[in-house]
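Colleague: I am new to this one and would love a guided tour. Could you show me the model, and then we can talk it through?

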Amino acid sequence: MAHEQLDAAVGNFNTLEEYRRYLTGLSRFRAAMDESLESVVWPNGWSWRPTAVARSLDSDAIDLNLPAKRQTSYDIDLADDSVLLGALYVLEGSTLGARVLRQRAAALGLDQAFGARHLAVMSKDIAQWQSFLILLDESPDFDIDRAAASANSVFALALQCFESEFLVVQ
Ligand code: HEM
């Protein structure tokens, strides 16, 4: 199952070095997604927006002396609402595991003030996930096949970002 593979790639971060590797992978993934999300024209009637983690993730990277992230040119076309919802399902779903990761980070001495700020943001509010599910439920013309294909490819991108040292982008 894809999520199990992702858990293995994320690791348990028993050491600071493992945590730094996780942070590098996540920053790579989020940078690629943020770039695609920036050009989204949000559908009429949506007041919901994905949890914003870029700023806290950047601060965590600085806390842990990671090199500045490079610009990616990974661009996913999210113009179709079903494709967009599929991608958001993965992004928002990733907050569901944040509580577990936050505890592991705390064992390394990292918290909302240093090094694990993004995990505090991501695990803050389960209401955000619930309101996403309502949005999903109420979306007109929702095409489950397009959404699932999109979710799978975003999941695959996340896996690639965590597993490889270098994200090959064109
Ligand atoms: C980029 C995408 C994702 C990442 C990086 C991610 C990462 C993780 C990690 C590392 C864990 C902890 C696993 C462990 O105990 O070792 C976890 C747990 C979990 N994830 Fe994900 N995940 C992602 C997407 C999703 C999606 C799309 C869903 C569902 C919609 C989801 C639902 C969950 C749930 C329910 C847990 C268990 C939480 C708990 O035990 O309290 N995740 N995730």
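Modeller: Happily, and let us start at the ligand: α1 gives the largest share of the shell around it, four residues. Helices here are DSSP runs of H or I with at least four residues, strands are runs of E with at least two, and both are numbered from the N terminus. Please keep in mind that this is a predicted model, where local features need pLDDT of at least 70, side-chain atom pairs count only at pLDDT 80 or more, and totals for chains, interfaces and linings use all residues. Residues are numbered from 1 along each chain as its sequence is written.

Colleague: Which elements give two or more residues to the shell around the ligand, and which residues are the closest?

Modeller: A residue is near the ligand if its C-beta atom, placed from the backbone, lies within 6 Å of it. By that test 14 residues surround the ligand, the closest being Gly93, Ser94, Leu96, Gly97 and Ala158. The elements that give two or more residues are α1 (2-10), α4 (81-93) and α5 (98-107).

Colleague: How many residues of each class does that shell have?

Modeller: Ala, Val, Leu, Ile, Met, Phe, Trp, Tyr, Cys and Pro count as nonpolar, Asp, Glu, Lys and Arg as charged, and the others, Gly among them, as polar. Sorted this way, the shell has two charged, four polar and eight nonpolar residues.

Colleague: Is Phe13 buried, exposed or partly exposed?

Modeller: Phe13 sits in the loop between α1 and α2 (16-38), and it has a positive phi of about 30 degrees although it is not a glycine. A residue is buried if 20 or more other C-beta atoms, placed from the backbone, lie within 10 Å of its own, exposed if 12 or fewer, and partly exposed in between. Because Phe13 has 19 C-beta neighbours inside 10 Å, it counts as partly exposed.

Colleague: And what about Asp141, buried or exposed?

Modeller: Asp141 lies in the loop between α7 (126-138) and α8 (144-163). Its phi is also positive, near 55 degrees, in a residue other than glycine. Since 7 other C-beta atoms lie within 10 Å, Asp141 is exposed.

Colleague: Stepping back, how many helices and strands does the protein chain have, and what is its radius of gyration?

Modeller: The secondary structure comes to eight helices and zero strands. The radius of gyration is taken over C-alpha atoms, and the globule rule is 2.2 Å times the number of residues to the power 0.38. For 170 residues the rule gives 15 Å, so the chain is as compact as a globular protein of that length, with a radius of gyration of 16 Å.
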